[in-house]
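Work through these short exercises with the structure open. Try each task before reading its solution.

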Amino acid sequence: MSPVLSSQGAFENPSVIKTQVKGGDDVYYAFSTNRPVNKGKSYLNVPIANSTSNPPQYLGVHGQRCNAGAGQMDRHRPRSREQGDMGSRRQSADGSFILYYAGVPSNAINHQHCIGHAISTTVEGPYTAAAEPMICYHGNETIAVNAVTDGQNRYVLYKYGHANTAVSHLQQVAANGHTLIGEPVVLTMANKTEYDEEGFALAQLNQTAYPDHWLLLYVTGYYRSTTYKINYAISSTGIKGPYMKQPEPLLETDMVFNGKTLYAPGGPDFVGNSSRDFVFFADSKYPANKNKGQNDGQPRQMWAAHLEY
């Protein structure tokens, strides 16, 4: 476990997709939450990096293009998957890519917060946003979108709520990745000791050794402090749970790997269909205000990790 993108500024809430180029070589593309540039005067919309090495070492961060439609969001928190996710990206049966993102519609009312999607024929874009958001709630955060498939059906994961009201949802979608099917299922709920829940990633464990078992990674704590950490929960009855939260965190501040110390790890995402390889972000060094554990603007590096179970 080590940082794989650490020298080009923040790369938080990373999401990785593995594709193949002509000739059969694997190429990994990593996408991140938008970040301020030019001393905060502008934003790099959907930072993207790529790698052809294994294990990946990501280079060449640049801005993704997303041409918004009528449902334009004012703020993007992307995750990219194969359909295709924005922040979270997937590739669909028709070969297109979908980019899921969270934000506030330009015509929002009553503190509306939504999840939208954008589609491209190529992994690097440009992406064209749908005219209307996929999912909206009023009065609280609707963020931390991710995507997953159980081999037959597709789903999106997201968080609604804030602090100890946060709830993680699993919403089934059609083969196109964005048409909603049925009602969302509640996977986990925050409690008073956790403060918050977000940053979800979901993977199916080896079905020979662990039939019907699913692993949910989720983040608790205050995102600007070293209380931020990655936890996990397990379902033994399929993707919809129920999920049993485990008592110890998976990753937290002051854990050391290969001589590197973790600070406030968060934003996990499994790579492709793997249930062992995942990425996450962590602060580059301990906050200057150590007593309060407050993040003081340290760049958030992308790390890569491998699970053994």
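**Exercise 1: Ala264**

At 0% relative accessibility, Ala264 is buried. This is a predicted model.

Task: Find where Ala264 is located and what is notable about its phi.

Solution.
- Step 1. Place the residue: Ala264 is in the loop between strand E24 (260-261) and strand E25 (266-270).
- Step 2. Read the backbone: Ala264 has a positive phi of about 55°, although it is not a glycine.
- Step 3. Set this against the general rule: most residues other than glycine have a negative phi.

**Exercise 2: Asp254**

Task: Decide whether Asp254 is buried, partly exposed or exposed.

Solution.
- Step 1. Locate Asp254 in the loop between E22 and strand E23 (256-257).
- Step 2. Note its positive phi of about 80°, again in a residue that is not a glycine.
- Step 3. Take the relative accessible area of Asp254, 49%. Buried means under 20% and exposed means over 50%. Asp254 is therefore partly exposed.

**Exercise 3: a cis peptide bond**

Task: State the form of the peptide bond from Gly241 to Pro242.

Solution.
- Step 1. Go to the loop between strand E21 (229-235) and strand E22 (244-245), where Pro242 lies.
- Step 2. Check omega: it is near 15° for the Gly241 to Pro242 bond, which is cis.
- Step 3. Recall that most peptide bonds are trans.

**Exercise 4: a sheet**

Task: Trace the open sheet of four strands and identify its edges.

Solution.
- Step 1. The order is E15-E16-E17-E18, with antiparallel pairing.
- Step 2. Strand E15 (142-149) and strand E18 (180-189) are the edges, each pairing on one side only.
- Step 3. The twist averages 25° from one strand to the next.
- Step 4. Between strand E16 (residues 154-160) and strand E17 (residues 167-173) there are seven bridges. Arg154 stands opposite Val173 in E17.

Methods:
Residues are numbered from 1 along each chain as its sequence is written. This is a predicted model: local features need pLDDT of at least 70, side-chain atom pairs count only at pLDDT 80 or more; totals for chains, interfaces and linings use all residues. Side-chain values use heavy atoms; hydrogens and water are left out. Two strands pair if DSSP finds at least two bridges between them. Helices (H or I, at least four residues) and strands (E, at least two) are DSSP runs, numbered from the N terminus. Axes are lines fitted to C-alpha atoms, for helices over the stretch in contact, and angles run from 0 to 180 degrees between N-to-C directions. Buried means under 20% relative accessible area, exposed over 50%, partly exposed in between (1.4 Å probe, protein chains only).
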